[in-house]
Amino acid sequence: MSDYYFKKVIKDNSEDKKNKKYNDKEEFDMGYKKDKECHDQCEHKCEHHKEEEASFIEFDVSESTRIVFPSVPGVPGGTPLPLDTLATVKVDVEDDDNKVLLEGTVEWTPGDVGLIAAIVALIVGGTLGVPLAIEGTFRIWRSTDNSPFVPIFETTDSSSVSSLIILGLVATDVLTLPFSTTTTSFHWVDENPSCGENRYFLTLDLSLAEDPTIDLGAVLGTGLLSSFLAPLTSSVETKVLTAIEIKED
């Protein structure tokens, strides 16, 4: 059997298979078009399904928060404005039924606190305990379309004294208290955002965990411990605040 005959048989068999599947070019073109349409439809359904999965979820939440604000002179109701903002995010809410999930993480370290000799004297004498912790109060405020700020969430964390040497302390010493770094994480669902642009502001306020009234004599007088200290400060190394609009099916 010649090579020519062998090659011809292979070629004829290939043509037979092709003709068996498609009798002519027109039928072949129609078959290709049908296959492509099916592929495109399946791809569109897949993309649409992915979009639905990303946008529509079943969601439920049960939550509560304490919202208490210190009295601020000159501010009606004692509500301070969030001027010292750690982070700001915004979400354009499309529907009244939608919610906004807010999540945050802040790594913060209070500044050192210096205690004057008069306060150290009370500590040495056993009249006053050492202030061992500073509380950080994190608040989230919401403003819709540049409306006034509204507090919607509050949580408190604390930072303790990182090192303390009392041994050998005398009444005339000035004591410096360093505080540890604390990482605070939280999440909150805003169940009542307004349609339109909602801006969220994260703030941090510091206070002594214990702030007793002390008497420092005729010269310095009587008052809260914090009133005899420099303003409390903190440094923030890491801060993350995210806002995600949630659509319900």
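**Exercises on a predicted model**

The protein exposes about 16,200 Å², by the Shrake-Rupley method with a 1.4 Å probe. Carbon and sulfur atoms supply 52% of that area. This is a predicted model: local features need pLDDT of at least 70, side-chain atom pairs count only at pLDDT 80 or more, and totals for chains, interfaces and linings use all residues. Residues are numbered from 1 along each chain as its sequence is written, and side-chain values use heavy atoms, with hydrogens and water left out.

**Exercise 1.** Place S143 and decide: buried or exposed?

*Solution.*
- Step 1. Find the element: S143 sits in strand 5, residues 133-144. Strands (E, at least two residues) are DSSP runs, numbered from the N terminus, as are helices (H or I, at least four).
- Step 2. Apply the cut-off. Buried means under 20% relative accessible area, exposed over 50%, partly exposed in between (1.4 Å probe, protein chains only). S143 has 4% relative accessibility, so S143 is buried.
- Step 3. Check the side chain: it reaches the backbone oxygen of S147 at 2.5 Å.
- Step 4. List contacts (heavy atoms within 4.5 Å). Beyond four places in sequence, S143 touches P148, F149, E197, N198, R199 and F201.

**Exercise 2.** Describe the largest nonpolar core.

*Solution.*
- Step 1. Define it: buried Ala, Val, Leu, Ile, Met, Phe, Trp, Tyr and Cys residues joined through side-chain atoms within 4.5 Å.
- Step 2. Count: this core has 20 residues, and L115, I119 and I214 have the most contacts inside it.
- Step 3. Trace the sources. Strand 4 (113-115), helix 3 (117-124) and strand 7 (175-177) each supply at least two residues. Helix 3 gives the most, four.

Methods. A polar contact is a pair of N or O atoms within 3.5 Å; within protein, one must be able to donate a hydrogen and the other to accept it, and residues adjacent in sequence count only if both atoms are side-chain atoms.
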